[in-house]
Amino acid sequence: MASLVSYLRLLRAGFILVREGVVASLPAEELTGPLLFAHRLAGLIAKRHARKVERTDRLARAVDRLGPSWVKLGQFLATRPDVVGVDIAKDLSGLQDRMATFPEALARAEIEASIGRPIEELFSRFDPPVAAASIAQVHPAEITDADGTRKVAVKVIRPGVRQRFKQDLEVFYLISELQERFIPATRRLRPVEITKTLEQTTRLEMDLRLEAAALSEMAENTKDDPGFRVPRVDWERTGRDVVTMEWIDGIKMSDVEGLRAAGHDLDLLADMLIQSFLRHTLRDGFFHADMHQGNLFVDPAGMVVAVDMGIVGRMGKTERRFLAEILYGFITRDYRRVADVHFEAGYVPARHDPASFAQAIRAIGEPIHGQPAETISMARLLTLLFEVTELFDMQTRPELVMLQKTMVVVEGVARTLNPKFNMWKAAEPVVGSWIRDNLGPKRIAGDLKAGAIAAMRLAERLPDLAVRTERFATELGDMAEHGLRFDEATSDAIGKAEARHTRSGRVALWIIAAALVWIALSIHPIW
C-alpha cells in the first residue's frame with residue numbers, strides 16, 4: 001500500500017511542477033514525439049503568471065508548495081550538475097533554504113526532550129529564532145556559569161521533519177526507479193544510488209549530534225592551521241535534536257564592502273580560504289561540503305570561520321592520490337598519465353582505448369595552458385573533465401562530484417574577494433607539498449608500512465578464515481548432493497509476497513487512472 005500512496009504523491013508533485021511552470025521551462029530542444037507533445041501541453045496547463053517569471057522563481061514557488069524534503073532534494077541536485085545539467089544546477093543552487101519559523105514553545109519542548117533538562121537550567125537567556133531552514137532553526141541564547149556569561153547559537157530540529165522526509169523519500173525512490181527502467185541513457189548516472197546518497201546525507205544531517213561531531217573533528221584537524229577555524233561545540237547542551245555552539249561575531253564573506261571597511265586583506269582571505277579547503281581535502285580526506293558565502297564568516301582576528309557542517313565530504317587515501325595525480329598531470333601536460341590514472345582507478349571501463357581517452361583529455365588541457373594563470377579555474381577543469389568522461393562511460397563517483405561542486409563554490413567565493421585570484425599560485429603550497437610527500441619516496445615508505453600492517457591483520461584472521469572455508473565447503477557439498485531446499489516458512493512467505501505484489505499492482509493501476517481523471521477535471525477551468 002505504501003507504493004500506491006507513493007504513486008499518488010508523485011502525481012501530486014508532478015501536477016504542482018506543471019502548474020507552477022517548472023516543466024514548461026525545461027529545455028525542449030532534444031525532445032521528440034510524445035515527450036515534445038507533453039512539454040507543450042505542460043506549457044498550456046501552467047498558471048498564466050508562472051509563464052512570465054524566471055525558472056528559478058518557478059522552482060522556488062513549486063518547492064515551497066511541495067515542502068521541506070523537496071527543498072533538500074533541490075539543494076542536493078544542485079551539487080550534481082552531471083545529473084541535471086549545468087544550467088538547471090545553477091538554478092537549483094539559487095533555491096534559498098528559507099522556511100517559516102516554528103513556534104518557540106515547540107523549540108523549547110524539543111530541547112528539553114532531547115537534553116532531558118528544563119530550558120531554565122540550560123540557558124540563562126533563550127531568544128526567538130533568527131533563521132529557519134528546511135531541517136532546523138537557530139536561536140540566540142546565553143549561558144551563565146562559573147566562567148561568566150557567553151553567547152551561543154542553539155540549532156533545533158524542526159518537529160515532524162523526519163516523518164515527512166521518510167514519506168517523501170519513497171517518492172524519490174519511485175522516481176529514480178522509473179528513470180532507470182524507462183530511460184536507459186540515465187543508468188550510467190545510477191539514479192537509485194543518487195537517491196541513496198541523498199537519504200544517507202539527509203539522515204545524518206537530521207541527527208545534530210553528528211553535525212557536532214563533524215565540527216569537533218574539523219576543529220581537531222585544523223587546530224594548528226593558519227587562518228581557519230570552526231565554532232566550539234557545547235556538548236553538555238547537545239543531543240539528537242539540538243546542537244549548541246559558540247556564537248560567531250564576525251562579518252559574512254558575502255559582505256565584501258564590510259570586510260574591506262573592517263580593514264581585512266581580501267587577497268589574503270581568498271588565499272587562506274582555498275588553501276584551507278585543499279588542506280582539508282588532501283591532508284585529512286574530510287572537508288566542509290557546503291562552504292557557500294552564507295556559511296563563512298571572518299572574525300575580528302581575521303580568521304575564516306566556517307559554520308553549519310551538516311553536509312561533509314570524505315575521500316579515501318586512494319581517491320586523494322588519484323586526484324593529485326590528475327591535477328599534477330594537467331599541470332605538467334602529461335595527458336597520457338591522466339588517462340592512465342582514470343583506468344587504474346577503475347573510473348573508466350577497461351574496454352575503452354587509453355590513447356583515445358588521453359586525446360580527449362588533451363582537448364581539455366591544451367586550451368587551459370594558453371590562458372593567463374589568474375583565469376585558469378581548477379573547478380572548471382574538473383567540470384570539463386567530467387563532461388568528457390561521460391563519452392567514455394565513466395560511472396558516477398559521488399565523492400568526486402561533491403568535491404568538484406564544493407570546489408566550484410569555494411573558488412567562486414575566493415574570486416568575489418579577489419577578482420584576479422590566481423588559483424594555481426594560491427594552491428601550490430598545499431598541493432605541491434602533498435604531491436612531494438605522497439607521490440615520491442615518502443609514498444613508497446608509507447605503502448610498505450600499510451602493506452605490512454594489512455599482512456599482520458590477515459595473519460591474525462587466518463585461523464577463523466580456515467574454519468569458515470571448511471564449513472562453507474561442507475555446506476556446498478550437502479547442497480550438491482541433496483539440492484537447494486526452503487523451509488516451510490520461507491515457501492509460505494514467497495507465495496504470499498507474490499500474491500500481494502500481483503494484487504497491489506492491479507489496485508495501483510485503478511488508483512492512477514482515478515487520479516488522472518481528477519487532475520484532468522481540476523485543470524478544466526483553464527481551457
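Here is a friendly exchange about a predicted model and the labels given to some of its residues.

User: To set the scene, how many helices and strands does the chain have?

Analyst: There are 21 helices and twelve strands. Of the 527 residues, 43% count as buried.

User: What makes Phe277 and Phe287 an aromatic pair, and is it stacked or edge-to-face?

Analyst: The pairing rule asks for ring centres within 6.5 Å, and here the centres are 5.7 Å apart. The planes stand at 80° to each other; an angle over 60 degrees counts as edge-to-face, so that is the label. By this rule the count comes to four aromatic pairs.

User: Which parts of the chain does the pair of Phe277 and Phe287 tie together?

Analyst: Phe277 belongs to helix H13 (residues 266-284) and Phe287 to strand S9 (residues 286-288), so the pair joins parts ten residues apart in sequence.

User: How do you know whether Phe277 and Phe287 are buried or exposed?

Analyst: Buried means under 20% relative accessible area. Phe277 has 0%, so it counts as buried. Phe287, at 1%, is therefore buried too.

User: And why is the pair of Phe343 and Phe357 called edge-to-face?

Analyst: Its ring centres are 5.9 Å apart and its planes meet at 85°, so with the cut-off at over 60 degrees the pair is edge-to-face. Phe343 is in helix H15 and Phe357 in helix H16 (residues 354-369), 14 residues apart, and the pair links these distant parts of the chain.

User: What makes Phe343 count as buried at 17%?

Analyst: The limit is under 20%, and 17% falls below that limit, so Phe343 counts as buried. Its partner Phe357 is buried with a relative accessible area of 0%.

User: Which other residues of helix H15 are buried?

Analyst: Within H15 (residues 335-344), the buried residues also include Tyr335, Val338, Ala339, Val341 and His342. Just after H15, Gly346 takes a positive phi of about 80°.

User: Where is Asp308, and why is it called partly exposed?

Analyst: Asp308 sits in the loop between strand S11 (304-306) and strand S12 (312-314). Its relative accessible area is 26%; partly exposed covers values between 20% and 50%, so the term applies. Asp308 also has a positive phi of about 55°, although it is not a glycine.

User: How do you know that Lys151 lies over the face of Trp247?

Analyst: The distance part of the rule asks for NZ within 6 Å of the ring centre, and Lys151 is at 4.2 Å from that of Trp247. The rule also asks for a position within 35 degrees of the ring normal, and Lys151 is listed as lying over the face.

How values were computed: Residues are numbered from 1 along each chain as its sequence is written. This is a predicted model: local features need pLDDT of at least 70, side-chain atom pairs count only at pLDDT 80 or more; totals for chains, interfaces and linings use all residues. Side-chain values use heavy atoms; hydrogens and water are left out. Buried means under 20% relative accessible area, exposed over 50%, partly exposed in between (1.4 Å probe, protein chains only). Helices (H or I, at least four residues) and strands (E, at least two) are DSSP runs, numbered from the N terminus. Rings of Phe, Tyr and Trp (its six-membered ring) pair if their centres lie within 6.5 Å; planes under 30 degrees apart count as stacked, over 60 as edge-to-face and the rest as tilted.
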